[in-house]
Amino acid sequence: MRSREIVLKLVGVCRTTKLLTQLHSLTIRTGLRYDTHLAAKLTELYFELLPVQTARKLFDEIPHPSVFTCNRVLQSFCRKKRYEQALSLFSPLFSFEKPDHFTLLFTLKACSALKWLNFGKAIHGLGKKHGNIHSNMFLGSGLIEMYSKCGNMDDALSIFEEYSNPDLVLWTTLVTGYEKNFKPDEALAVFTGMVMAHCIIPDPITLVTVVSACTQLLNLKAGKSVHALVFRMGYESPLPLSNALLNLYAKTGSTFYAGNLFRVMEEKDVISWSCMISCCAHNDAIDRAIRLFDEMIDKGVEPNSVSLISALQACEACCNLDKGRQIHEVALQNGLELDILVSTALIDMYMSCCSPWEAITVFDRMPSKDPVSWFALLCGCVQNGMANKSMQIFCDMIASDIQPDATVMVKILGACSELGVLQLTSCLHNYVIRGGFISNSFVGASLIDCYAKCGCLEEAIKVFESLTDKDVVVWSSMFAGYGIHGQARESIKLFHRMVTDSTVWPNKVTFLSILAACSHAGFVEEGIEFFNIMLNEYQLMPESKHYAIAVDLLGRTGELDKAMCLINQMPSQVGAHVWGALLGACRIHQNAEIGEVAARNLLQLDPDHAGYYILLSNMYADGGKWDDAAELRGSIKERELKKITGQSVVRL
């Protein structure tokens, strides 16, 4: 007896594998290896200090382990997340011992983690057979959790309803089940019944789940009610609950409430900071988001991927390249640069800040790339006018077995239209058909645009006619295609076909395409008529581009006063292209007075555009104002401005 007490004391202080093996040998020599309590203690130590397989071997050597010992082993398996091994132990145990509630509880935990519904149902049936399972609320909570995690909320509710007087744990488990299964309405309904009908006082764990349900619904009103309940109950909001409320306010765009809560939080962790930075970054408080990130770093809080991504998105929104590079450095220092989400955010930031080669460097450094990172790189190159590089990336992406989506196909067709390579367009057309993208209206419209810009109007027409579902995007693209080729008459015919033979209603883009076609072909009267139809018949408010074409059309007929009157009636700020159209018309019709008005406004809006200086200079020269013309030419040389020469994009 004395030796047993000594061994038990030694087991209690054992912390090394060497001492453990010596104690195991001692129990064998002293005949204590069959002592149930001692065997359980040794087995538990084996699980803590040695590999699971070794510990399991020791357990298997026990001739008749007690339920207590088996429960310890099950608990150890679950603690180490070896759930399959835990369930493999259950059947041998049941062959010689009757399981108790703890056995069932640990086994249900393993079933929940693995989402093994059938095994869980078997445990449920076993619990009914061997004991009054409905007298144990912890076991009931385990059953509800198991059914919830397996996505079977009907059975979870049935279990809950079998308890006549459920406690807080049981209520919370049911609420959590609905929330985790993306049924937030049901979660809030159960919570309301718990508080209002059954007068159960929720704890912070319950409230975190309820706030998460409000966040799923983007229900700010309900979330604020829960926040008020926290105050009324006099809770010192624990950090997880405060973070859940911050997340709610961030997702609902409530920067005011988020800021108030954040200021009064005595304790803040990286999740708190990340929620607040994200809230500001996505709700037009860009500068504040960047300041918060800097403050977080100054306070010694180590950033996580969420805070880095939100800060990078803020830099992307305001095109702050220098700050974006600083955040990139922080990501490097914290070993997060190669996190796939952070890397993708860096690519987006560099592309939006017109620094594509830095984005490409980040992409090349990524150890693994997902479709989102490929798409970010490709779309960024298109956005930065790198058409050739975009095509190379597209080919590399396909070679890496990354399949593009419709958005990527639209982007790559846009890049192809910039290159003007007809053969490449044909190849992409075949890929669109094979990939099943041809039914997508945006892809179809991009393909029409691509063929038209490559000089092959016939193929553009074939694509248009082959599309069975033509929406306003497709029709508008075909109008623009005719306009590019100077076939305004065909564009007008197509417009009448659209309004008479289809249910498609023209929009502003439609009229912009028609007006551009009329402008290119010199159809002045028709263009003015379409402008009036847009305004009066379809009651569409023209935008700056529509006004620019209308001014150009009026200017061609010499009606400069009408053009000036139209500009004065514009409800929004007059853009440079509107004044440019007027200045061009003044040059043709030798109207220096209105031309100078247009020129003054142009040079205020775009002082570095050499073409405007040259146009005004030529107008002065035509009117014999040689000194004024020379002064403008001198300004061009002094400012080192250069006029961009026109060029054809079409290549076969």
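## Asp 401 and a positive phi

Asp 401 counts as exposed, because its relative accessibility is 61% and the cut-off for exposed is over 50%. This comes from a predicted model. Asp 401 sits in the loop between H24 and H25. Its phi is positive, about 65°, although Asp 401 is not a glycine. Most residues other than glycine have a negative phi.

## Phe 182, another loop residue

Phe 182 also has a positive phi without being a glycine; the value is about 55°. Where does Phe 182 lie? Its place is the loop between helix H11 (168–180) and helix H12 (184–197). Phe 182 has a relative accessibility of 67%, so it counts as exposed.

Phe 182 is touched by Gln 216, once residues up to four places away in sequence are set aside. Gln 216 also touches Glu 179, Lys 183 and Pro 184. Gln 216 belongs to helix H13 (residues 204–217). With a relative accessible area of 30%, Gln 216 is partly exposed. Its C-alpha atom is separated by 9.0 Å from that of Lys 251, although the two residues are 35 apart along the chain.

## The protein as a whole

The protein has 38 helices and 0 strands. Of its 652 residues, 48% count as buried. Take the contacts between residues at least 6 apart in sequence: 61% of them join residues at least 24 apart.

## Repeats in the record

An unreviewed UniProt entry carries the annotation "repeat: PPR". The annotation covers residues 269–303, 370–404 and 440–474.

In the model, residues 269–303 are 71% helix and 0% strand. The end C-alpha atoms of that span are 10 Å apart. Residues 370–404 are 74% helix and 0% strand, with end C-alpha atoms 11 Å apart.

## Helix H26 and its buried side

Helix H26 covers residues 422–434. Its 13 residues should span 18 Å at 1.5 Å a residue, and the end C-alpha atoms are 19 Å apart, which agrees.

Which residues of H26 are buried? They are Thr 425, Leu 428, His 429, Tyr 431 and Val 432. These residues cover an arc of only 165° around the axis, so they are on the same side of H26. An α-helix has 3.6 residues a turn, so residues three or four places apart point the same way.

The buried residues of H26 pack against four helices: H24 (387–399), H25 (406–419), H27 (441–453) and H28 (457–466). The face turned away from the buried side carries the exposed residues Gln 423 and Arg 434. Just after H26 comes Gly 436, with a positive phi of about 75°.

## Helix H5

Helix H5 (residues 67–79) also has 13 residues. From its first C-alpha to its last, H5 reaches 18 Å, close to the 18 Å expected at 1.5 Å a residue.

The buried residues of H5 include Val 67, Thr 69, Cys 70 and Asn 71. Val 73, Leu 74, Ser 76, Phe 77 and Cys 78 are buried too. Lys 81 follows H5, and its phi is positive, near 60°.

## The largest pocket and Ser 242

How much space lies in the largest pocket? The figure is about 400 Å³. Rolling a probe the size of a water molecule over the atoms shows where empty space is left. The lining of the largest pocket is made up of 17 residues. Ser 237, Ser 242, Leu 261, Val 264 and Met 265 lie nearest its centre.

Helix H14 (220–232), H15 and helix H16 (255–264) each supply at least two residues of the lining. H16 gives the most, with 4 residues.

Ser 242 lies in helix H15 (residues 239–251). Is Ser 242 buried or exposed? Its relative accessibility is 5%, so Ser 242 counts as buried. Beyond its neighbours within four places in sequence, Ser 242 is in contact with Ser 237, Leu 261 and Met 265. Ser 237, Leu 261 and Met 265 are also among the residues nearest the centre of the largest pocket.

Terms used: Residues are numbered from 1 along each chain as its sequence is written. This is a predicted model: local features need pLDDT of at least 70, side-chain atom pairs count only at pLDDT 80 or more; totals for chains, interfaces and linings use all residues. Side-chain values use heavy atoms; hydrogens and water are left out. The expected span of a helix is 1.5 Å times one less than its number of residues. Buried means under 20% relative accessible area, exposed over 50%, partly exposed in between (1.4 Å probe, protein chains only). The arc is that of the directions from the helix axis to the C-beta atoms. Contact means heavy atoms within 4.5 Å. UniProt positions are given in the numbering used here, feature names are shortened, and annotations may be inferred rather than shown by experiment. On a 1 Å grid over the protein atoms alone, a cavity is a set of points where a 1.4 Å probe fits but cannot get out, and a pocket is an open set with protein on both sides within 12 Å along at least five of seven lines; lining residues have an atom within 4 Å of a point. Grid points are joined across faces, edges and corners, and a volume is the space filled by probe spheres set on the points.
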